[in-house]
Amino acid sequence: MIKFSKGVLFALALMLTLGGCGRKSDTADTQSGKSVIQNAGSDTMVNLAQAWAEAYAKIEPTVSVEVSGGGSGTGIAALINGTVDLVNSSRKIDPEEAERARAMGHEPIEFVVGYDALAVYVHKDNPLNEITIEQLADIYGEGGAITKWSQLGIQHPNCSSDEIVRVSRQSNSGTYHYFREALLGTERDFKLGSRDLHGSKDVVELVAKTPCAIGYSGMGYATPEVKMLKVARKAGEPYYAPSIETTLSGTYPIARPLYMYSSGAPNEQTRKYLQWIYSDAGQKIVEESGYVPLPPEKRRLQESSAGE
């Protein structure tokens with residue numbers, strides 16, 4: 001049985017009161033006659049979201065799911081403003097963001113739709129094969145002492161400068177926020193001077209053509225031109241490669257849920273779309289896109305008020 005908080009009930013009542021101020025999918029596209037679901041947010045999830053939308057169009061041709069990226073923060077801002085039906089987010093919504101949404105009359109409802117193992121990438125010719133969270137914190141974090149590959153115990157034949165080139169994401173990215181917190185907690189920040197990119201694919205492409213580089217992105221973006229490092233929580237503990245098995249077992253230390261958020265209880269068309277995402281067909285697309293599908297026992301639509 002679905003349970004809603006008082007905030008959800010307030011939001012539903014407010015939407016009924018406001019009447020004509022509904023989201024864009026409350027009306028059909030006047031040109032095509034289709035119902036439209038506006039879906040925006042995470043660049044990490046944009047390829048997956050597009051694959052879902054294309055597959056769903058074949059099942060429900062009267063519904064158009066319009067997907068756009070821009071980052072998790074951008075999608076959550078759209079939810080706060082009430083201009084989107086579903087947000088894709090590679091991080092959990094912050095309590096402050098949820099309160100801002102409620103203040104605007106939009107209760108964030110959370111759905112976990114899959115998982116992602118966040119891989120650490122280096123150039124394919126880099127001799128390094130494994131790394132610890134502590135070492136990554138010393139590479140990326142403020143005050144961290146590791147700036148050269150030789151400090152990790154290797155001689156990099158294709159990096160004459162020995163300098164570690166840090167590749168990161170822009171600050172409105174959910175991947176940026178998750179990786180920073182996984183490495184540094186909530187008290188420290190990243191060093192200045194990294195190469196900050198807008199998309200997950202962009203990170204992998206830059207690492208592939210920059211022998212001295214290290215970067216982070218979803219494991220689904222791997223190519224033959226890069227290497228995914230095995231990661232341990234700390235020195236002396238086992239190293240694990242990112243995979244479906246190590247993500248579901250909790251042994252890979254940089255894995256996270258993938259979220260979708262609706263503004264209040266989903267309308268009929270959005271609910272049907274979410275139910276399909278939770279189906280075996282929807283979760284098969286998660287795996288085919290390089291992410292980790294939900295285990296069978298969690299493949300059912302469950303709504304919960306977010307950010308409390």
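**Strand β4 and the largest pocket**

Reader: Which strand do five bridges join to β4, and which way do the two run?
Author: That strand is β8, residues 213-218, and β4 and β8 run antiparallel, joined by five bridges. Please keep in mind that this is a predicted model.

Reader: OK, and what stands opposite Val120 in β8?
Author: Opposite Val120 stands Tyr216 of β8.

Reader: Where does β4 sit in the sequence, and is it mostly covered or open?
Author: Strand β4 takes in residues 108-123, and it is mostly covered, with 15 of its 16 residues counted as buried. For the protein chain as a whole, 52% of the 308 residues count as buried.

Reader: How many bridges join β4 to β11?
Author: There are nine bridges between β4 and β11, a strand that spans residues 255-263, and the two run antiparallel. One of the partnerships there places Pro108 of the chain with Ser263 in β11.

Reader: What about β9 and β12, how do they pair with β4?
Author: Strand β9, residues 226-228, is joined to β4 by three bridges and runs antiparallel to it, with Val122 having Lys227 as its bridge partner in β9. Strand β12, residues 304-305, also pairs with β4 in the antiparallel sense, over two bridges, and there Glu110 stands opposite Ser304.

Reader: Changing topic: what volume does the largest pocket have?
Author: Its volume is about 320 Å³. The pocket is lined by 15 residues, and those closest to its centre are Arg91, Asp94, His177, Tyr178 and Glu181.

Reader: Which elements give two or more residues to that lining?
Author: Those elements are α6, which covers 174-184, and β11, so the strand that is joined to β4 by nine bridges turns up again here. The largest share of the lining, five residues, comes from α6.

Reader: And how does the lining split by class?
Author: Seven of the lining residues are charged, four are polar and four are nonpolar.

Reader: Stepping back, how many helices and strands does the chain have?
Author: The protein chain has 10 helices and 12 strands. When contacts between residues at least 6 apart in sequence are considered, 76% of them join residues at least 24 apart.

Reader: Last one, what area does the chain expose, and what share of it do carbon and sulfur supply?
Author: The exposed area of the protein chain is about 13,900 Å², and carbon and sulfur atoms supply 51% of that area.

Definitions and conventions
Residues numbered from 1 in each chain as written. Predicted model: local features only at pLDDT ≥ 70, side-chain atom pairs only at ≥ 80, totals over all residues. Heavy atoms only, no water. Helix = DSSP H or I, 4+ residues; strand = E, 2+ residues; numbered from the N terminus. Buried < 20%, exposed > 50% of the residue type's maximum accessible area, 1.4 Å probe, protein only. Contact = heavy atoms within 4.5 Å. Areas by Shrake-Rupley, 256 points an atom, 1.4 Å probe, with all protein chains shown as cover. Pairing = 2+ DSSP bridges. 1 Å grid on protein atoms, 1.4 Å probe; cavity = no way out; pocket = protein on both sides within 12 Å on 5 of 7 lines; lining within 4 Å. Points joined across faces, edges and corners; volume = space filled by probe spheres on them. Nonpolar A, V, L, I, M, F, W, Y, C, P; charged D, E, K, R; others polar.
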